[in-house]
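I want to keep a short record of what I look up in this structure, one entry at a time. I will begin with a single side chain and work outward from there.

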Amino acid sequence: NAEAFRDHLEQVFAPWRELQTTGRVESLAFVTTNDAADANRTEFVKLLAQANAMWFCGGDQAWLARLFVDRNDPTRFQREVIDIVRRGGVVGGSSAGLAVMPDIMIEGGAVENRRPAEAELSRGIGLLKHVLAEQHFDARSGRIERLTGLLRDHKRLANFSPTCRPKQMIALAVEEDTALLVQTQRLRVMGKKLAHV
């Protein structure tokens, strides 16, 4: 039930709530849904129109994309998230939260029979243009092959997205326990391990 889920969120994200109770964040709200139609509902996205920051939790980037992304025209949710950054705010995410940030999202592609996987593609939120992003880069088998193979496959990228400029694409790969801060044309790595460009 919805109340039990909200209680669970409060428990899991107690350190985040502490940011509010200690006055370091003015307000904190959880935005959750299982209904893809919410991505275009005014009532659902109204908190985003006033937000200075947003965080996508981990999970499954394909599920995030199915809920919030339209393959042809950006949803209201997508536009509001992009507007947070345009207003000078911050949008971040862990694991699937990173994967869903680019316009072209790597949805999956597992290693099969010890051969490098071919990336499965989908549309992401669209915050990062001409970028491919890969998470868990050090911990999951086949990620480097999957990412570099896709980065070199100009024809596939151009066929997937007519606005894609494959020769201008860059790849961002982040290892576990590490954060990559993208600010205009600058990158900053924080945490225990590495990020790769």
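**Entry 1: Arg41 and its partners.** I looked up Arg41 and found it partly exposed, at a relative accessible area of 38%. Since the model I am reading is a predicted one, I take these values as computed from predicted coordinates. Which residue does Arg41 form a salt bridge with? The partner is Asp38, and the closest N and O atoms of the two lie 2.5 Å apart. Asp38 has a relative accessibility of 13%, and because buried means under 20%, Asp38 counts as buried. I then noted that this pair belongs to a network of salt bridges which links Asp35, Asp38 and Arg41.

**Entry 2: salt bridges between distant parts.** A search of the whole structure gave me 10 salt bridges. I reminded myself that side chains of opposite charge can pair when their charged atoms come close. One of the pairs I looked up is Arg66 with Glu107, where the closest N and O atoms are 3.5 Å apart. Arg66 sits in helix 4 (residues 61–68) while Glu107 sits in strand 3 (residues 104–108), so this salt bridge ties together parts of the chain that are 41 residues apart in sequence.

I also looked up Lys193 and Asp138, whose side chains meet in a salt bridge at 2.9 Å, N to O. This pair links distant parts of the chain, 55 residues apart: Lys193 is in the loop between strand 8 (186–191) and strand 9 (195–196), and Asp138 is in the loop between strand 5 (131–134) and helix 7 (143–152). Are these two side chains buried, partly exposed or exposed? Lys193 is partly exposed, with a relative accessible area of 35%, and Asp138 is partly exposed as well, at 34%.

**Entry 3: cysteines.** How many disulfides does the structure hold? I found zero. I still looked up two cysteines for their exposure: Cys57 is partly exposed at 33% relative accessibility, whereas Cys164 is buried, with a relative accessible area of 11%.

**Entry 4: the second largest pocket.** I wrote down a volume of about 390 Å³ for the second largest pocket. Of the 26 residues that line this pocket, the closest to its centre are Asp103, Arg123, Gly126, Lys129 and Thr163. Helix 5 gives the largest share of the lining, with five residues. Sorted by class, the lining has 10 nonpolar, seven polar and nine charged residues.

**Entry 5: two buried residues and two distances.** Thr33 is in the loop between helix 2 (14–21) and helix 3 (42–50), and at 15% relative accessibility Thr33 counts as buried. From Thr33 to Gly126, a residue 93 positions away in sequence, I noted 20 Å in space, C-alpha to C-alpha. Met54 belongs to strand 1 (residues 53–56) and is buried, with a relative accessible area of 14%. The C-alpha atoms of Met54 and Leu127 are separated by 12 Å, with their positions 73 residues apart along the chain.

**Entry 6: confidence.** Last, I looked up how confident the predictor is. The chain averages a pLDDT of 91, and 95% of the residues score at least 70. Among the elements of the chain, helix 1 (residues 2–12) has the lowest mean pLDDT, 87, and helix 5 (residues 76–86) has the highest, 97. I keep in mind that predicted coordinates should not be read in detail where pLDDT is low.

Key. Residues are numbered from 1 along each chain as its sequence is written. This is a predicted model: local features need pLDDT of at least 70, side-chain atom pairs count only at pLDDT 80 or more; totals for chains, interfaces and linings use all residues. Side-chain values use heavy atoms; hydrogens and water are left out. pLDDT is the predictor's confidence in each residue, from 0 to 100. Helices (H or I, at least four residues) and strands (E, at least two) are DSSP runs, numbered from the N terminus. On a 1 Å grid over the protein atoms alone, a cavity is a set of points where a 1.4 Å probe fits but cannot get out, and a pocket is an open set with protein on both sides within 12 Å along at least five of seven lines; lining residues have an atom within 4 Å of a point. Grid points are joined across faces, edges and corners, and a volume is the space filled by probe spheres set on the points. Ala, Val, Leu, Ile, Met, Phe, Trp, Tyr, Cys and Pro count as nonpolar, Asp, Glu, Lys and Arg as charged, and the others, Gly among them, as polar. A salt bridge is a side-chain nitrogen of Lys or Arg within 4 Å of a carboxyl oxygen of Asp or Glu. Buried means under 20% relative accessible area, exposed over 50%, partly exposed in between (1.4 Å probe, protein chains only). A disulfide is a pair of cysteine sulfur atoms within 2.5 Å.
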